[in-house]
Structures are given as structure tokens and as C-alpha cells.
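Open the model in your viewer and keep the selection panel at hand. The stops below say what to select and what is there.

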Amino acid sequence: MRSLRPLLLPVLLLFGGILLLALTLLGSSPRSAPTGVSEDAAPTGGLAEIRYLALGDSFTAGTGNQPGDAFPSRLAELWRAQGRRVTLKNVAVDGYTTEDVQAREIPEVAPFRPTLVTLAAGANDYVRGWSADIYRSRVRELLRAIIDAGVAPDRIVTLPQPDWSLSPAAAWFGDPRQIGAVIVAFNTILSDEARAAGARYVDLYPLMHRQAEAQMLAGDGLHPSARAHAEWAEALYEQIEP
């Protein structure tokens, strides 16, 4: 990570204007508004309402695709097809670091009263040049904050970063091989901290890596495509008990 900082900063400063138009991964990029709340009043068949809060960055916001194509919306639709009532609030914003999630998304937790929370963040921490130790500390703080806001640990699901090192745009941020190694390291930290907090880590990374190899990308050449998001939702549907 440290060896990339001298490369990253000049690239970001010199080509920032170009990147802002197409690559919204950076924390300085334009922030899209949260996708808000979607509700469905279908009969529940006696089952409790699912109140799903999605926290994170561009990979949860669905950047590069329509908001309804992001995996939280796709997952909510799969549950609704079961006859469940689902209230979804996706507050993820492209460019957000773990620090941004803490400051701007965590305050949404208590008022929403979620029965399920997904958390996926870390790519922008790397882009900012933050170390693995800093990432670990901030993930730990995020998980504690979600629990303190009233969410049971077993209702928190953490998710890995996709392998964006294989995207055409990755070279703007440094050596793709080193980026790939850091993605794996950050995902391991997230997994370890989730389990230590009593939360769950759903390892979608093998699927994400296959998608990256197949270049299942949105039009910006960086973020996963709508079809990739749909496959994540299908995998989560099989693994999460709402």
C-alpha cells in the first residue's frame, strides 16, 4: 500500500477531472443521492416484515447501473416474490470510505429500525492510501456502532469488495496486481472483524472474481454490471435467512 501512494496522488491530481466524469470510486467524486426507501405492501402470510438497510459505497449503490439494478433492490425483489413485505433503504454512496459510512450512514441505523443490515466498504480507503491497520480499526468501529444502534450482531451481514483490480480502469490507481492483493487483504480483515463481533461475512469473492475475469462491467469500465449485481442478489438470497 505505501509503495503505491507516490503513484496514486500524482495520478489523482493530474487526471482528477477525467476520472470524475467516469470513475466514481474516489472519495472526492460526485456523491450520488441514496436510493431511499422502497416498500411493498404485499401480504406477509404471517411472516414479519423485513426492514433491510444497505450501508456502503458504490458497490452497494450500484454505480454505473440504474438504482433498481443494485443488489439490495434485486434481493428485496426476490424476498417480495416469496410474499414477504420488504422495506428497503439503501443509503450507500459512491466514493464513501469507512469514515464516511461512520459519519453519514450510521446515523440512519437507529431511526430505520432494521431487521437486517448489509455492510460493504473498503475500496475507497485503499484509494485514499489508508493502511490495513486503519481499515481494521474503522471496520471494528462500524460494527460496534451498528450494534449500539440496536441491531443484533447476527442480523449484520458483511460483504467483500469485488475484484476491481481486473477492470480496465484499475491501472489509474496503481499496479493492478498489488491492488488485487490489497483487496484480498481488506476482505480478510472484514471477515475476521465481522466474526469477532458476532456478525456474518458472506464470501461472494469467488463469484465476484469470476465475474471480473469475464469483464461483467458497467459502462464506466470499473463497476460491476447489472447482471453481476443480480448474481450477487441470487447468491445472498440462498445464504441469508431474512
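Is the crossing of H9 and H10 left-handed or right-handed? This is a predicted model, and in it the crossing of H9 and H10 is right-handed.

**Stop 1: H9 and H10**

Select residues 205–213 for helix H9 and residues 226–239 for helix H10. Their axes lie 11 Å apart, and the packing angle is about 160 degrees. Angles over 145 degrees count as roughly antiparallel, and H9 and H10 are therefore roughly antiparallel to each other. To see the contact, show side chains for Leu 207, Met 208 and Gln 211 in H9; these meet Ala 228, Glu 231, Trp 232 and Ala 235 in H10.

**Stop 2: H7**

Next, select residues 132–148, which form helix H7. The 17 residues of H7 should span 24 Å at 1.5 Å a residue, and this agrees with the end C-alpha atoms, which are 24 Å apart. Colour the buried residues of H7: Tyr 135, Val 139, Leu 142, Leu 143, Ala 145, Ile 146 and Ile 147. Then step just past the helix to Gly 150, where phi is positive, at about 110 degrees.

**Stop 3: H4 against H7**

Keep H7 on screen and add helix H4, residues 98–105. The two helices pack at an angle of about 20 degrees, with 9 Å between their axes. Since angles under 35 degrees count as roughly parallel, H4 and H7 are roughly parallel to each other. The crossing of H4 and H7 is left-handed, whereas that of H9 and H10 is right-handed. On the H4 side, pick Thr 98, Glu 99, Val 101 and Gln 102; they meet Tyr 135, Arg 138, Glu 141, Leu 142 and Ala 145 in H7. Among these H7 residues, Tyr 135, Leu 142 and Ala 145 are buried.

**Stop 4: S2 and its neighbours**

Now select strand S2, residues 50–56. How many of its residues are buried? The count is 7 of 7. In a regular strand, side chains alternate between the two faces of the sheet. On one side of S2 are Ile 50, Tyr 52, Ala 54 and Gly 56, and on the other are Arg 51, Leu 53 and Leu 55; both faces are covered.

Add strand S3, residues 86–90, which pairs with S2 in the parallel sense over 5 bridges. Here Tyr 52 stands opposite Leu 88. Finally, add strand S4, residues 116–120, which also pairs with S2 in the parallel sense, over 5 bridges. In S4, look for Ala 120, the bridge partner of Gly 56.

How values were computed:
Residues are numbered from 1 along each chain as its sequence is written. This is a predicted model: local features need pLDDT of at least 70, side-chain atom pairs count only at pLDDT 80 or more; totals for chains, interfaces and linings use all residues. Side-chain values use heavy atoms; hydrogens and water are left out. Buried means under 20% relative accessible area, exposed over 50%, partly exposed in between (1.4 Å probe, protein chains only). Helices (H or I, at least four residues) and strands (E, at least two) are DSSP runs, numbered from the N terminus. Two strands pair if DSSP finds at least two bridges between them. The expected span of a helix is 1.5 Å times one less than its number of residues. Axes are lines fitted to C-alpha atoms, for helices over the stretch in contact, and angles run from 0 to 180 degrees between N-to-C directions. Angles under 35 degrees count as roughly parallel, over 145 as roughly antiparallel, 65 to 115 as roughly perpendicular and the rest as oblique. A crossing is left-handed if the near helix is turned anticlockwise from the far one by less than a right angle, and right-handed if clockwise. Contact means heavy atoms within 4.5 Å.
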